[in-house]
Amino acid sequence: MPKKTRGEEVRLDLGLDIGSTESLTNRDDDLLGSMLMRGTKTLTREQIDERMTTLKASIEISGYKSGANVSAKTTKENLP
C-alpha cells in the first residue's frame, strides 16, 4: 500500500502459536527468541548481523511456551 512514512520505514509484527496442549506439557521454550538470533545451521551470528546492517533492518524475536512473537523493521526498498 502506498503510504508516505518518515524515512520510508516499514514495521512488521507477527505472532505464531505453536503446538498443542499435549505437546507443550512440561516444556519450557522461553529461550527460543534469543537462540534464533545467535545463529543457525547456515548462518553465524556475525553473518546475520551483517545482513541486517546491509538491509537497514532490525528483528526482535521473543519466545514463550506456546509460540513466538517477531517484530521487524526495515526500509521500504529492502522489504522484499
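Biologist: Is L14 buried, partly exposed or exposed, and what is its relative accessibility?
Modeller: In this predicted model, L14 lies in strand β1, which covers residues 9-17. Partly exposed is the class between 20% and 50% relative accessible area. L14 therefore counts as partly exposed, with a relative accessibility of 45%.

Biologist: Nice start! Which residues make a nonpolar surface patch with L14?
Modeller: A residue needs over 30% relative accessible area to join a patch, and L14 is at 45%. The patch amounts to about 250 Å², and the partners of L14 in it are L16 and I18.

Biologist: Staying with β1, which residue forms a salt bridge with E9?
Modeller: The count of salt bridges comes to 1. E9 takes part with its closest N and O atoms 2.9 Å from those of its partner, within the 4 Å cut-off. That partner is R11.

Biologist: Are E9 and R11 buried, partly exposed or exposed?
Modeller: The upper cut-off is 50%, over which a residue is exposed. E9 has 31% relative accessibility, so E9 is partly exposed. R11 has 60%, so R11 is exposed.

Biologist: What is the bridge partner of E9 in β3?
Modeller: Happy to trace that one! β1 and β3 pair in the antiparallel sense over 9 bridges. Strand β3 covers residues 67-75, and the bridge partner of E9 there is T75.

Biologist: Is T75 buried or exposed, and what is its relative accessible area?
Modeller: Leaving aside neighbours within four places in sequence, T75 is in contact with G7, E8, E9, V10, L55 and K56. The cut-off for buried is under 20%. T75 is therefore buried, with a relative accessible area of 16%.

Biologist: And the other pairing of β3: which residue there is the bridge partner of G63?
Modeller: Strand β2, residues 58-64, runs antiparallel to β3 and is joined to it by 7 bridges. The two strands form a hairpin with 2 residues between them. In β3, the bridge partner of G63 is A68.

Biologist: Let's turn to a helix. Which residue's backbone nitrogen does the side chain of Q47 reach?
Modeller: Q47 is found in helix α3, residues 45-54. At 34% relative accessibility, Q47 counts as partly exposed. Its side chain reaches a backbone nitrogen at 2.7 Å, and that nitrogen belongs to T44.

Methods: Residues numbered from 1 in each chain as written. Predicted model: local features only at pLDDT ≥ 70, side-chain atom pairs only at ≥ 80, totals over all residues. Heavy atoms only, no water. Patch = residues over 30% accessible without salt bridge, like charges linked within 9 Å, V, L, I, M, F, W, Y side chains within 5 Å. Areas by Shrake-Rupley, 256 points an atom, 1.4 Å probe, with all protein chains shown as cover. Salt bridge = Lys/Arg side-chain N within 4 Å of Asp/Glu carboxyl O. Helix = DSSP H or I, 4+ residues; strand = E, 2+ residues; numbered from the N terminus. Buried < 20%, exposed > 50% of the residue type's maximum accessible area, 1.4 Å probe, protein only. Contact = heavy atoms within 4.5 Å. Polar contact = N/O pair within 3.5 Å; in protein donor to acceptor, adjacent residues only side chain to side chain. Pairing = 2+ DSSP bridges.
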